[in-house]
Amino acid sequence: MSTDTRTPVPDDVAADAAETIPVLRGQIDSLDEAIVRLVAERATLSRRIQTARMNAGGTRVELGRERVIRAAFRDGLGPDGPELAGAILQVCRGRR
């Protein structure tokens, strides 16, 4: 036996939601496209930095810099921020 405990939604609220959700999803899609574009741009810059650093005798990856980036994401986005930063850093590192 299942009991539906949801509060009924008035028709005008449901109609508004039906119109609003696609608009909001479109805005999310636009943001996702911008994020992809920005991460690709970041990856290009990161490769240029890696090349310059290695040409100067340095390492491909600078862990101290990555710690700073993870901390900035944590400060801006909370406890899940470093995980997102890690994913972005992984994409931007490229292949060895």
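Reader: Of the 96 residues of the chain, what share counts as buried?
Author: This is a predicted model. Buried here means under 20% relative accessible area. Across the 96 residues of the chain, the share that passes as buried is 16%.

Reader: What is the secondary structure of the chain, in helices and strands?
Author: Read along the sequence, the pattern is α-α-α. Strands number zero. The tally for the chain is therefore zero strands and three helices.

Reader: What percentage of the contacts with a separation of 6 or more comes from residues 24 or more positions apart?
Author: Take the contacts in the chain with a separation of 6 or more. Among these, residues 24 or more positions apart account for 44%.

Reader: How many residues does H2 have, and what does it reach from its first C-alpha to its last?
Author: Helix H2 covers residues 63-77. At 1.5 Å a residue, the expected reach is 21 Å. H2 comes close to that, with 15 residues and a first-to-last C-alpha reach of 21 Å.

Reader: Which residue just after H2 takes a positive phi?
Author: H2 runs over residues 63-77. Just after H2 comes a positive phi of about 90°. The residue that takes it is glycine 78.

Reader: How far does helix H3 reach from its first C-alpha to its last?
Author: H3 spans residues 81-93, 13 residues in total. The expectation at 1.5 Å a residue is 18 Å. H3 is close to it, reaching 18 Å.

Reader: Which residues in H3 are buried?
Author: The cut-off is under 20% relative accessible area. Arginine 93 meets that cut-off because its value is 16%. The buried set in H3 is Gly81, Pro82, Ala85, Gly86, Ile88, Leu89, Cys92 and Arg93.

Reader: What phi does glycine 94 take, just after H3?
Author: Helix H3 ends at residue 93. Glycine 94 follows just after H3 with a positive phi. The angle is about 75°.

Reader: How many salt bridges does a search of the whole structure find?
Author: One joins arginine 93 and glutamate 66. Another joins the side chains of arginine 53 and glutamate 62. The search of the whole structure gives a count of two.

Reader: How far apart are the closest N and O atoms of arginine 93 and glutamate 66?
Author: These residues form a salt bridge, with closest N and O atoms 2.7 Å apart. The pair links distant parts of the chain, 27 residues apart: arginine 93 sits in helix H3 and glutamate 66 in helix H2. Both ends are buried, arginine 93 at 16% and glutamate 66 at 10%. The N to O distance, again, is 2.7 Å.

Reader: Is arginine 53 buried or partly exposed?
Author: Arginine 53 bridges to glutamate 62 at 3.6 Å, N to O. Glutamate 62 has 42% relative accessibility, so it counts as partly exposed. Arginine 53 stands at 21%, and buried requires under 20%. Arginine 53 therefore counts as partly exposed.

Reader: Leaving aside its neighbours within four places in sequence, which residues is glutamate 66 in contact with?
Author: Glutamate 66 lies in helix H2. One of its contacts is Arg93, its salt-bridge partner. With near sequence neighbours within four places set aside, the full list is Val61, Leu89 and Arg93.

Reader: Which residues is glutamine 50 in contact with, leaving aside its neighbours within four places in sequence?
Author: Glutamine 50 belongs to helix H1. It is buried because its relative accessibility is 8%. Beyond its neighbours within four places, glutamine 50 touches Arg60, Cys92 and Arg93.

Reader: What distance separates the C-alpha atoms of isoleucine 69 and leucine 89?
Author: Isoleucine 69 is in helix H2. At 10% relative accessibility, isoleucine 69 is buried. Its contacts beyond four places in sequence are Arg42, Ala85 and Leu89. Isoleucine 69 and leucine 89 are 20 residues apart along the chain, and their C-alpha atoms are separated by 8.8 Å.

Reader: Which residues lie nearest the centre of the largest pocket?
Author: About 280 Å³ of space lies in the largest pocket. Its lining counts 15 residues. Nearest its centre are Arg42, Ser46, Ile49, Arg65 and Ile69.

Reader: Which element gives the largest share of the lining of the largest pocket?
Author: By class, this lining has six nonpolar, two polar and seven charged residues. The largest share is six residues, and it comes from H1.

Key:
Residues are numbered from 1 along each chain as its sequence is written. This is a predicted model: local features need pLDDT of at least 70, side-chain atom pairs count only at pLDDT 80 or more; totals for chains, interfaces and linings use all residues. Side-chain values use heavy atoms; hydrogens and water are left out. Helices (H or I, at least four residues) and strands (E, at least two) are DSSP runs, numbered from the N terminus. The expected span of a helix is 1.5 Å times one less than its number of residues. Buried means under 20% relative accessible area, exposed over 50%, partly exposed in between (1.4 Å probe, protein chains only). A salt bridge is a side-chain nitrogen of Lys or Arg within 4 Å of a carboxyl oxygen of Asp or Glu. On a 1 Å grid over the protein atoms alone, a cavity is a set of points where a 1.4 Å probe fits but cannot get out, and a pocket is an open set with protein on both sides within 12 Å along at least five of seven lines; lining residues have an atom within 4 Å of a point. Grid points are joined across faces, edges and corners, and a volume is the space filled by probe spheres set on the points. Ala, Val, Leu, Ile, Met, Phe, Trp, Tyr, Cys and Pro count as nonpolar, Asp, Glu, Lys and Arg as charged, and the others, Gly among them, as polar. Contact means heavy atoms within 4.5 Å.
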